[in-house]
Amino acid sequence: MAQSVPPGDIQTQPNAKIVFNAPYDDKHTYHIKVINSSARRIGYGIKTTNMKRLGVDPPCGVLDPKEAVLLAVSCDAFAFGQEDTSNDRITIEWTNTPDGAAKQFRREWFQGDGMFSLLQNNMSILYEDEYVRLGQFTLFVKNYHFPTKKTKSVSLEAITTLWFEEQETCKSTTTKIWGKASAASIYWALDVKRSLGSLSPRSPAKSNVVVEVGAKLRVGFSVENIDEFMDAIRTLLDYHVIIVNYINLP
């Protein structure tokens with residue numbers, strides 16, 4: 001019987017993370033490819049930790065060996081910075097179908113004790129806003145290089161220290177709208193409101209972040225929601241990384 005044989009592997013593309021881009025006042029849809037890499041037919045089902053915000057179509061199905069399906073993953077509009085997204089997850093569950101069963105999904109395959117061999121694959125929703133995108137292994141700082149505005153890629157393994165502070169309290173001598181700060185070894189990505197002070201009030205929700213990567217200049221950038229960003233990056237950084245909640249650098 002299929003129930004006595006543990007399910008084989010599946011592959012997903014992407015394999016672990018999904019990134020939804022700002023702005024968040026409209027619905028976004030991305031795709032996941034699921035491939036049955038095993039030698040048996042499987043049934044799969046999708047769960048989300050936030051059914052009001054996240055949806056998947058189709059939510060379940062059956063795949064023959066080596067067969068693939070493209071899932072549409074949607075994120076409804078939400079109030080960025082006011083809703084907690086740190087625990088958003090998509091879980092793919094799969095199991096072997098019973099021998100002789102038709103190629104039609106049955107919910108009972110995932111219920112009770114009849115099918116003990118059930119596997120899961122959890123996919124995280126990572127952080128992205130207007131200024132920065134956080135990947136599984138890389139930090140992408142947008143509008144960094146002058147004058148091209150090209151993105152700078154920073155390996156998370158290269159980060160040894162991270163500083164962060166709300167823009168309202170950062171010293172102006174350590175920051176700059178774009179380029180090298182006058183009184184600190186920091187090169188800042190573009191943010192036209194970062195150092196304008198009273199001429200253009202800065203958003204209290206925004207923060208500055210600086211990372212040390214072993215280069216001559218540290219990398220500085222803005223973040224729209226520091227709590228969500230820090231929750232996401234803490235799970236990816238090495239435990240040796242020093243994190244400081246203010247920016248007071250020479």
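Pro-147 sits in the loop between strand S11 (138-141) and strand S12 (152-155). I begin there, colleagues, with the reminder that we are looking at a predicted model. The peptide bond that leads from Phe-146 into Pro-147 is cis, its omega near 0°. That deserves a remark, since most peptide bonds are trans.

The loop between S11 and S12 has further backbone features. Asn-143 lies in this loop, and its phi is near 50°, a positive value in a residue other than glycine. Lys-149 also has its place between S11 and S12; this residue is not a glycine either, yet its phi is positive, at about 65°. For context, most residues other than glycine have a negative phi. How accessible are these two residues? Asn-143 counts as partly exposed, because its relative accessibility is 26%. Lys-149 is likewise partly exposed, at 44% relative accessibility.

A cis bond is also found elsewhere in the chain. The peptide bond from Asp-57 to Pro-58 is cis, with omega near 0°. Pro-58 belongs to the loop between strand S5 (54-57) and strand S6 (60-63).

I turn now to the charged side chains. Side chains of opposite charge can pair when their charged atoms come close. How many salt bridges does the model contain? The count comes to 11, and I shall discuss several of them.

One of them joins Arg-40 to Asp-99, with the closest N and O atoms 2.7 Å apart. What does this pair tie together? Arg-40 is in the loop between S3 and strand S4 (42-48), while Asp-99 is in the loop between strand S8 (89-96) and strand S9 (119-126), so the contact links parts that are 59 residues apart in sequence. Both partners fall in the partly exposed class: Arg-40 has a relative accessibility of 28%, and Asp-99 has a relative accessible area of 45%.

Another salt bridge is formed by Lys-47 and Glu-93, at 3.3 Å from N to O. Here the partners are in strands: Lys-47 lies in S4 and Glu-93 in S8, so the pair ties together parts 46 residues apart in sequence. Is Glu-93 buried or exposed? Glu-93 counts as buried, because its relative accessibility is 6%, and the limit for that class is under 20%. Its partner Lys-47, at 47% relative accessibility, counts as partly exposed.

A further salt bridge connects Glu-67 with Lys-103, whose closest N and O atoms are 2.9 Å apart. Glu-67 is found in the loop between S6 and strand S7 (68-75), and Lys-103 in the loop between S8 and S9, so this pair ties together parts that are 36 residues apart in sequence. The relative accessibility of Glu-67 is 27%, which makes it partly exposed. Lys-103 is partly exposed as well, with a relative accessible area of 41%. Which residues are joined to this pair? Salt bridges with shared partners connect Arg-41, Asp-64, Glu-67 and Lys-103 into one network.

Next, I consider charge on the surface. Asp-84, Glu-166, Glu-168, Asp-227 and Asp-231 form a negative surface patch. Why can Asp-231 take part in such a patch? Its relative accessible area is 41%, so it is partly exposed, and patch members must have over 30% relative accessible area and no salt bridge. Asp-231 is located in helix H1, which covers residues 226-234.

Lys-33 offers a further point for inspection. This residue is in strand S3 (residues 28-36) and is partly exposed, with a relative accessible area of 34%. Its C-alpha atom is separated by 5.1 Å from that of Gln-13, although the two residues are 20 residues apart along the chain.

Finally, I address the cysteines. A disulfide is a covalent bond between the sulfur atoms of two cysteines. How many disulfides does a search of the whole structure find? The search finds zero. Cys-75 is buried, because its relative accessibility is 5%. Cys-170 also counts as buried, at 9% relative accessibility.

To close, I return to two points. In the loop between S11 and S12, Pro-147 follows a cis peptide bond from Phe-146. Among the salt bridges, the pair of Arg-40 and Asp-99 ties together parts 59 residues apart in sequence. Thank you for your attention.

Key
Residues numbered from 1 in each chain as written. Predicted model: local features only at pLDDT ≥ 70, side-chain atom pairs only at ≥ 80, totals over all residues. Heavy atoms only, no water. Patch = residues over 30% accessible without salt bridge, like charges linked within 9 Å, V, L, I, M, F, W, Y side chains within 5 Å. Areas by Shrake-Rupley, 256 points an atom, 1.4 Å probe, with all protein chains shown as cover. Salt bridge = Lys/Arg side-chain N within 4 Å of Asp/Glu carboxyl O. Lys, Arg positive; Asp, Glu negative; His and termini not counted. Charge placed at Lys NZ, Arg CZ, Asp CG, Glu CD. Helix = DSSP H or I, 4+ residues; strand = E, 2+ residues; numbered from the N terminus. Buried < 20%, exposed > 50% of the residue type's maximum accessible area, 1.4 Å probe, protein only. Disulfide = S-S within 2.5 Å.
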